[in-house]
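Please keep the structure open in the viewer and make each selection as it is named. The tour proceeds through helix pairs and then turns to a pocket.

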Amino acid sequence: MYSDTPLGRLRLPVICSPMFLVSGPELVIAQCKAGVIGSFPALNAREGEGEPPQLEAWLKRITEELDAHNQANPDRPAAPFAVNQIVHRSNDRVERDIEICARWKVPVWITSMGAREDVNQAAHDCGGIVLHDVINNRFARKAIDKGADGLIAVCAGAGGHAGTLSPFALIQEIREWFDGPLALSGSIASGRAILAAQAMGADFAYIGSAFIATAEAAASEAYKQMIVEGTADDILYTSHFSGVNANYLKPSIRAVGLDPDNLTGEGNRLDLATGDIRPKAWRDIWGSGQGIGAVHGVMSTAEYIDRLEREYHTARDALCA
């Protein structure tokens, strides 16, 4: 399916989600070389005042390393990569970042926090496809009406700015009218869960939090270990830290002296342009989805994707037996 698009060249039906301050070139390159779509938020590529755009350097590195891999491994080419654009009006970098991504012919664009026809057109003009993340069916229809090629259904239990709907409900509603590319996000961290996403009607599993506990992730060792030790009970859904509901690790909230069961006061607000939140304690308040109970140790990205593939085929064979 989708063999004539970048989505048709995957070892597993997996798109790795872009994670704030975690996904960078090292992780994306490792994900793509292992045969699944790697991605990063454009806003992760940050630079100081007067410095050249870091996004340009990241895209150059990713493109050149994947091209070199493909030349050396024609029988095992890398999967394409994706860049996430926050298209909300508060992101004053978005126009510049769109121009850079178009110039580098980014193959997959993931758009969030608003759907814009001009962004979709920019992607199409350079040969890219657009996947828009949504938390309900109404937003899904708007995204397709404005020219998105596919959707990411962000359901209950997903890391970051997650929705609250059951995947059974949202996938069913979207599939009643949309037959294009559809990824499912929400607590997916095993090969069995990838197969379950497909059984529900999604084409792809959208996996994020489990990749925090990989060697290539730009996360602290404490963050990685918290993922390894955590379970669904350790996740808090709150708007306190960014002004938008998201899932966070309770132990990281306690570590900065706050009570996750009694968050009072105004809270903080995310500056989408810089990625900053005041106070800087935000750096140590960490996001995660509910699926981390399937993560039992830090490993390389290649090892983790090998594990997903084994689990996926074992589960599929068992169902077909």
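At roughly what angle do the axes of helix α7 and helix α10 cross? Select residues 191-200 for α7 and residues 301-320 for α10. In this predicted model, the two axes come within 7 Å and cross at roughly 55°. That angle makes α7 oblique to α10, and the crossing is right-handed.

Next, display the side chains at this crossing. From α7, the contact involves Gly-191, Arg-192, Ile-194, Leu-195 and Gln-198. From α10, the partners are Leu-308, Glu-311, Tyr-312, Ala-315, Arg-316 and Leu-319. Coloured by class, the contact of α7 with α10 shows 6 nonpolar, 2 polar and 3 charged residues.

**Helices α1 and α2**

Move now to residues 25-33, which form helix α1, and residues 54-72, which form helix α2. Their axes come within 10 Å and cross at roughly 25°. Angles under 35 degrees count as roughly parallel, and α1 and α2 are therefore roughly parallel to each other. Their crossing is right-handed.

To view the contact, select Pro-25, Glu-26, Val-28, Ile-29, Cys-32 and Lys-33 on α1. On α2, add Trp-58, Arg-61, Ile-62, Glu-65, Leu-66 and His-69. This contact of α1 with α2 consists of 7 nonpolar residues, 1 polar residue and 4 charged residues.

**Helices α2 and α3**

Keep α2 selected and add helix α3, residues 94-103. Here the axes lie 10 Å apart, and the helices pack at an angle of about 20°. α2 is therefore roughly parallel to α3. The crossing of α2 and α3 is right-handed.

Which residues make this contact? On α2, they are Leu-55, Glu-56 and Leu-59; on α3, they are Asp-97, Ile-100, Cys-101 and Arg-103. By class, the contact of α2 with α3 has 4 nonpolar and 3 charged residues, with no polar residue.

**The second largest pocket**

Finally, show the second largest pocket, which holds about 160 Å³ of space. Select its lining in stages. Begin with Arg-9, Thr-63, Leu-66, Asp-67 and Asn-70, which are among the lining residues. Then add Pro-77, Ala-78, Ala-79, Pro-80 and Phe-81, followed by Lys-105 and Pro-107, which also line the pocket.

Which element supplies the largest share of this lining? Helix α2 does, with 4 residues. Leu-66 thus links two stops of the tour: Leu-66 takes part in the contact of α2 with α1 and also lines the second largest pocket. By class, the lining comprises 7 nonpolar, 2 polar and 3 charged residues.

Technical notes:
Residues numbered from 1 in each chain as written. Predicted model: local features only at pLDDT ≥ 70, side-chain atom pairs only at ≥ 80, totals over all residues. Heavy atoms only, no water. Axes fitted to C-alpha atoms, helices over the stretch in contact; angles between N-to-C directions. Parallel < 35°, antiparallel > 145°, perpendicular 65-115°, else oblique. Left-handed = near helix turned anticlockwise from the far one by under 90°. Contact = heavy atoms within 4.5 Å. Nonpolar A, V, L, I, M, F, W, Y, C, P; charged D, E, K, R; others polar. 1 Å grid on protein atoms, 1.4 Å probe; cavity = no way out; pocket = protein on both sides within 12 Å on 5 of 7 lines; lining within 4 Å. Points joined across faces, edges and corners; volume = space filled by probe spheres on them.
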